[in-house]
Amino acid sequence: MYAVSVNNLVKYYGSFQAVKGISFRFEEGIIYGLIGPNGAGKSTTLKILATLLTPTEGEVEIFGYDVKRDANKVRRLIGYLPEEAGGYKYLTGYEYLELNAKLYSPDNYADIVEYGAKLSGLGERLHNRIGEYSRGMVRRLLLARALMIRPRLAILDEPTSGMDVIHATQIRRMIKEIVNEGVTILLSSHNMLEVQYLCDKLSLISDGVIVASGTPSEIMSATGTDNLEDAFIEVIKNK
């Protein structure tokens with residue numbers, strides 16, 4: 001059984017076709033990248049996997065559960081970090097983690113909160129209001145919220161957006177470590193160096209279709225490039 005299996009996925013918004021029959025699948029225990037330029041259809045695909053959007057056509061399964069028929073079961077298995085997200089500015093960071101932990105596990109939330117606090121790396125700043133946080137701090141809090149439940153699958157859309165180099169490096173290290181604890185990651189990022197460092201396998205999506213798939217080294221080899229950024233440009237240019 002695959003962690004994620006997507007078969008001929010199509011998504012329309014009215015008459016506009018955002019996703020045009022894409023297929024990909026990957027096994028448990030890896031970091032898989034879904035990479036593409038703005039407007040390529042990747043965030044739409046991630047939202048479908050997170051059960052926030054309904055596919056127009058096609059089959060999408062997470063650990064064997066259909067995202068339409070079994071949406072509630074899927075939601076118990078995933079953590080989701082959207083590209084554009086914010087916290088409640090009048091809550092402290094700790095209160096925000098506590099609120100989300102109680103929603104997930106009303107009778108056993110304390111350990112979840114403490115794990116989230118550790119993941120955030122915010123220390124005493126967790127007791128400040130979120131409205132006082134920098135963008136990077138908010139992102140760290142939201143990533144901790146997505147990962148603190150130890151989901152079987154974490155869907156991370158631009159996890160290091162707004163972070164400086166030091167904190168982005170810490171987050172990448174944390175993502176690697178949490179995979180070793182049994183979490184599978186589906187990642188989207190515009191930072192190709194980040195993708196090359198983190199992802200075991202990936203698919204490149206452009207204009208709603210998959211244009212290349214494989215390991216980073218396989219994609220670089222196929223395009224005759226020595227880094228994923230140049231490979232990405234070559235694939236998009238020649239599609």
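This passage looks at D157 and the sheet around it.

The model is predicted, so local features need pLDDT of at least 70 and side-chain atom pairs count only at pLDDT 80 or more, while totals for chains, interfaces and linings use all residues. Residues are numbered from 1 along each chain as its sequence is written, and side-chain values use heavy atoms, with hydrogens and water left out.

D157 sits in strand 7, which covers residues 153-157; strands (E, at least two residues) and helices (H or I, at least four) are DSSP runs numbered from the N terminus. Strand 7 belongs to an open sheet of six strands, ordered 6-7-8-3-9-10 with mixed pairing; two strands pair if DSSP finds at least two bridges between them. Strand 6 (78-81) and strand 10 (209-214) form the edges, each pairing on one side only. Strands 7 and 8 (residues 184-188) run parallel and are joined by five bridges, with S188 as the strand 8 bridge partner of D157.

As for its surroundings, D157 is buried but has no salt bridge, the nearest side chain of opposite charge being K42, 6.1 Å away. Buried here means under 20% relative accessible area (1.4 Å probe, protein chains only), a salt bridge puts a side-chain nitrogen of Lys or Arg within 4 Å of a carboxyl oxygen of Asp or Glu, and Lys and Arg count as positive, Asp and Glu as negative, with His and the chain ends not counted. What the D157 side chain does have is a polar contact with the side chain of S43, at 2.9 Å; such a contact is a pair of N or O atoms within 3.5 Å, where, within protein, one must be able to donate a hydrogen and the other to accept it, and residues adjacent in sequence count only if both atoms are side-chain atoms.

Methods. Buried < 20%, exposed > 50% of the residue type's maximum accessible area, 1.4 Å probe, protein only.
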